[in-house]
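Colleague: Got a minute to go through this model with me? I'd like to start with the surface.

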Amino acid sequence: MSTPYPFTAIVGQDDLRLGLLLNAVSPAVGGVLVRGEKGTAKSTAVRALAALMPQVHVVEGCRFSCDPLAPDPACPDGPHGSGDGVSRDTRMVELPVGASEDRLVGALDIERALSEGVKAFEPGLLADAHRGILYVDEVNLLHDHLVDLLLDAAAMGASYVEREGVSVRHAARFLLVGTMNPEEGELRPQLLDRFGLTVEVAASRDTDQRVEVVRRRLAYDDDPAGFAAKWAEEEAALRERIVAARALLPGVRLGDDALRQIAATCAAFEVDGMRADIVMARTATALAAWAGREDVREEDVRQAALLALPHRRRRNPFDAPGLDEDKLDDTLAENSPADDGDGDGPEPDGPGDGGGPGGGLPPQNDGPQGHDAPPSTDAAEGDTPAPPAPRDPGSDGRGAPVGGGEQPAARAAEPFRTKVLSVPGLGEGAAGRRSRARTEHGRTTGAVRPRGTLTKLHLAATVQAAAPHQHARGRTGRGLVVRRDDLRQATREGREGNLVLFVVDASGSMAARQRMSAVKGAVLSLLLDAYQRRDKVGLVTFRGREADVALPPTSSVDAAAVRLETLPTGGRTPLAAGLLKAHDVLRVERLRDPSRRPLLVVVTDGRATGGPEPVALAGRAARLHRAEGIASVVVDCESGMVRLGLAAELARELGGTAVTLDELRADSIAGLVKDVQGTSRKAA
């Protein structure tokens with residue numbers, strides 16, 4: 001077994017280390033979500049924490065790690081008798097992104113359940129992680145239904161598995177840690193709220209600190225065991241401190257004054273529901289225990305707010321998590337006790353620390369100390385890619401000459417709810433919420449013979465297949481004699497996510513008529529819709545003499561919104577170049593992800609200028625998409641009393657449909673989906 005990197009040897013990343021340690025002290029905090037750019041020690045810190053955790057005592061032979069002093073009465077391996085049990089290291093179980101539902105929660109042997117009437121249960125990762133750590137790297141790429149199952153188990157402390165009327169329950173209490181890179185896509189706000197704490201991490205910009213990171217990493221890679229031995233004393237001290245904090249935790253008092261500050265803070269920041277209040281209370285209590293105190297102070301409440309509230313303040317997908325610390329300080333001051341003294345005497349630092357918020361962190365020897373900068377300062381550097389060009393916030397592109405040079409970026413209009421655009425036919429792509437597809441979850445539509453492992457039994461079809469053979473198989477009792485050949489897999493129809501590729505006209509004609517603000521608002525609305533439907537998105541823009549891939553296909557809708565916001569306009573309208581660039585992007589993406597079907601959204605007034613025969617060339621480029629059966633929609637941006645209808649002609653060439661900016665609104669046009677699908681079928 002490889003030697004993990006020592007937790008106390010991690011340089012900086014104070015919030016990351018503190019969030020993990022608080023969950024080690026009190027798993028009731030609800031886990032921690034670590035957000036940040038790649039290469040910031042997210043995974044290293046989680047794996048290092050497992051080595052710090054105290055050993056656990058388990059019933060020998062129990063697959064569900066029952067505590068011998070208080071075994072689970074409903075344990076599938078029970079009932080357990082009295083005994084001393086055995087001790088083992090705390091497990092760190094890793095959930096892969098591509099894991100199935102059965103791998104996560106466990107699976108029943110359906111054949112034995114039908115034929116023998118026994119609950120033959122194979123535990124999943126939730127059972128393995130009981131009383132340990134469950135680590136989900138790139139949790140934002142995990143399917144939503146798996147995240148729901150995971151967070152439900154974490155909240156209830158138990159996992160329930162039900163298959164065709166057969167039910168199994170087992171305990172599943174674990175320290176949940178998820179990591180993610182926001183550039184690869186965000187978690188939905190509803191899922192973010194289920195994580196107790198969130199910390200933002202970013203690479204240090206301090207030269208000395210970066211040097212120390214490299215020095216320690218190289219030393220570890222050269223001799224992992226020797227490097228770990230040098231930090232053994234610090235690791236042992238930190239482990240003892242965790243044990244001491246756990247022992248102190250039940251005796252920590254959360255007074256009415258602290259509780260009022262917690263409630264006032266959550267109300268001031270307008271967080272939804274009451275989960276934030278509860279998490280803040282548990283976190284503040286854990287902070288006090290970590291500092292070696294028996295009472296919760298204002299400093300604990302403040303630090304708890306910085307860890308528990310930022311991700312709960314998101315109102316839409318394009319809001320970056322964060323917290324106004326000045327507002328936080330004002331709220332705490334307004335709700336402090338009437339007298340300045342808290343009756344607790346002087347406020348010494350926690351045992352063994354060097355100060356810092358909430359009781360401080362373990363000291364770091366032989367290297368630079370971690371910075372105390374608030375997470376919102378550096379986190380922005382890892383939230384989204386840097387925009388391609390600066391934007392003048394006060395500029396809206398008005399007064400620019402038609403066909404002129406580059407003009408400042410216009411502000412996007414207020415987004416609105418759009419009509420649903422979907423790809424015709426039945427796909428087999430990743431689970432989502434846009435187009436019809438064969439999926440593992442959804443409405444049952446039929447049954448087939450299973451290929452590989454049976455995951456969703458079609459009970460009626462299985463019984464029908466087995467019934468004619470009962471006499472030949474010598475059935476004598478009430479049980480049905482079932483063979484593997486009788487089993488039938490249920491086929492289900494649900495929704496898939498698609499690749500929505502935006503091709504946006506950024507030429508001078510769009511800015512001259514002051515339409516770019518409305519156009520950006522429409523595209524932003526479609527991006528919001530793509531986020532909610534779990535699509536991948538891409539952005540191609542064209543102006544001047546060429547087209548550019550402003551954003552390759554990605555799951556990060558936030559990144560697309562940033563690119564759109566800073567999009568300048570000006571120049572001629574190379575429509576053909578935009579369509580050809582989109583064709584190249586879709587061709588490459590088809591090789592990378594053949595099961596994800598594309599939806600092409602062209603945002604233009606239909607004009608084509610520049611070069612020889614620009615209109616004819618645009619028509620030929622459009623017919624390339626039509627020949628490959630790519631579903632398409634043209635958002636017609638033409639305005640004014642006299643309209644040329646060029647966007648509608650482009651839609652005909654694409655084999656798609658055209659819709660105006662006003663018609664794109666959900667409450668404006670009733671048959672848009674039907675039109676898109678019908679036209680696309682004709683094109684095919």
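Modeller: Sure, one term up front: buried means under 20% relative accessible area, exposed over 50%, and partly exposed in between (1.4 Å probe, protein chains only). This is a predicted model, where local features need pLDDT of at least 70, side-chain atom pairs count only at pLDDT 80 or more, and totals for chains, interfaces and linings use all residues. Residues are numbered from 1 along each chain as its sequence is written, and side-chain values use heavy atoms, with hydrogens and water left out.

Colleague: OK. Is E334 buried or exposed?

Modeller: E334 is exposed, as its relative accessible area is 66%.

Colleague: And which helix is E334 in?

Modeller: Helix α14, which covers residues 325–334. Helices here are DSSP runs of H or I with at least four residues, strands are E runs of at least two, and both are numbered from the N terminus.

Colleague: How many helices and strands does the chain have?

Modeller: There are 23 helices and 20 strands.

Colleague: Switching topic: what about V213, where does that sit?

Modeller: V213 belongs to helix α8, residues 207–222. With a relative accessible area of 39%, V213 is partly exposed.

Colleague: Now the whole chain. What share of the residues is buried?

Modeller: Buried residues account for 52% of the 684 in the chain.

Colleague: And which share of the contacts joins residues at least 24 apart?

Modeller: That's 79% of the contacts between residues at least 6 apart in sequence, where contact means heavy atoms within 4.5 Å.
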